[in-house]
Amino acid sequence: MKLLRTKQEVHHHLGISRINNTTIGFVPTMGALHDGHLDLVKKAKENSDVIIVSIFVNPTQFNNQKDFENYPKTLNKDLDLLDKTGVDFVFVPSNQEIYSSVPSLVIDFGSIDKVLEGAFRPGHFNGVGIVVSKLLNIVKPHKTFFGQKDLQQVAIIKLLVEDLSFDTEIVIIPTVREEDGLAMSSRNLRLDPEQRKIAPLIYKALTFAKDELLAGHNWFEIRQKVSVMYVHEPHLRLEYFELISSDNFELQESLKGTTNIAICTAAYLGEIRLIDNISIFD
Ligand code: AMP
């Protein structure tokens, strides 16, 4: 596995791969890798010849400076894991390498980024859009792999790739969970043992709500019951719990009218913010 630090190094090494007509698979990450990330890498390996993973904690997608500063960093362990998983290249650029100047471009994703993550983290998806565009232009992958864990991000990326004609296929991988249902996340590393014990309630609330919906119950009554579940757990603070169309992120009030439908949620344990989602018709 080769560690690449600059755009020039990426161009050079992937240029050789392109001449050899190999398929380049790309997995963008912010590091602090877990089995969810490694699942993306495995899927990338099954679907492409040459695998490149990027590790870059993108400052422009953090609306909360403290969250950015406290984002877990485990670079040596990450490199070791990727090497063992059979990755060919890891791109670990400096901030300066990606942002030689402060971008003045602002991306408006329309209605998709006005709700949920877009509403609670102003500027987040603009930062995601900018960095993903930069990375796709640097790497020029045939296929790019993202996790369903960040469902709204998936919708944003699909829109970005479609509207700006990026020449890459977007492949989406299901959420990898701990045995107790907690969605794997780099931020889980920041949970203390007490918070870690409580965290699986986020997924329990999602599965409960999905079962109730499929049994024909009213969405607003279900959401009320979920609020009560959270009230009984004072260390867990619910930020949102919404039924949405996963195509356009319009809020839904029932299962009628759309098949691509999911529940998305965000909750705080102390100052650690976790997100998760569940599709209704899998
Ligand atoms: P991050 O490092 O958190 O920016 O995530 C990098 C990629 O891994 C994104 O496409 C995420 O959606 C994906 N990802 C994060 N957590 C999981 C998970 N538990 N299962 C599957 N994919 C994940």
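## Strands side by side

Strand S2 (residues 24–29) runs parallel to strand S3, and six bridges join the two. One place to see this pairing is Val-27, whose bridge partner in S3 is Val-53. As you explore, keep in mind that this is a predicted model.

S3 also pairs in the parallel sense with strand S4 (residues 89–91), here over three bridges. Look for Ile-52 in this pairing: its bridge partner in S4 is Phe-89. Back on the S2 side, helix H2 (residues 35–47) joins S2 and S3 in a right-handed β-α-β unit.

## Inside strand S3

How many residues of strand S3 (residues 50–55) are buried? Six of the six are, so the strand is largely enclosed by the rest of the structure.

In a regular strand, side chains alternate between the two faces of the sheet. You can follow the two directions here: Val-50, Ile-52 and Ser-54 point one way from S3, while Ile-51, Val-53 and Ile-55 point the other way. Residues on both sides are buried.

## Helix H1 and what follows

Helix H1 covers residues 7–19, which makes 13 residues. At 1.5 Å a residue it should span 18 Å, and its end C-alpha atoms are indeed 18 Å apart, so the two values agree.

The buried residues of H1 include Val-10, His-13 and Leu-14, along with Gly-15 and Ser-17. What do the buried residues of H1 pack against? Their neighbours are strand S1 (2–4), S2, S3, S4 and helix H7 (124–139).

## Two residues with positive phi

Asn-21 comes just after H1, in the loop that leads to S2. Its phi is near 60 degrees, a positive value in a residue other than glycine. Asn-21 is exposed, with a relative accessible area of 69%.

Lys-140 is another residue to look up: it is not a glycine, yet its phi is positive, at about 50 degrees. You will find Lys-140 in the loop between H7 and S5. With 45% relative accessibility, Lys-140 counts as partly exposed.

## A buried lysine

Lys-149 sits in the loop between strand S5 (143–147) and helix H8 (151–163). Although buried, Lys-149 has no salt bridge. The nearest side chain of opposite charge belongs to Asp-150, 4.4 Å away, whereas a salt bridge needs the side-chain nitrogen within 4 Å of a carboxyl oxygen.

Which residues does Lys-149 touch, leaving out those up to four places away in sequence? They are Thr-175, Ala-183, Met-184, Ser-185, Ile-275 and Asn-277.

Conventions. Residues numbered from 1 in each chain as written. Predicted model: local features only at pLDDT ≥ 70, side-chain atom pairs only at ≥ 80, totals over all residues. Heavy atoms only, no water. Buried < 20%, exposed > 50% of the residue type's maximum accessible area, 1.4 Å probe, protein only. Helix = DSSP H or I, 4+ residues; strand = E, 2+ residues; numbered from the N terminus. Pairing = 2+ DSSP bridges. Right-handed = clockwise from strand over helix to strand, strands pointing away. Expected span 1.5 Å × (residues − 1). Contact = heavy atoms within 4.5 Å. Lys, Arg positive; Asp, Glu negative; His and termini not counted.
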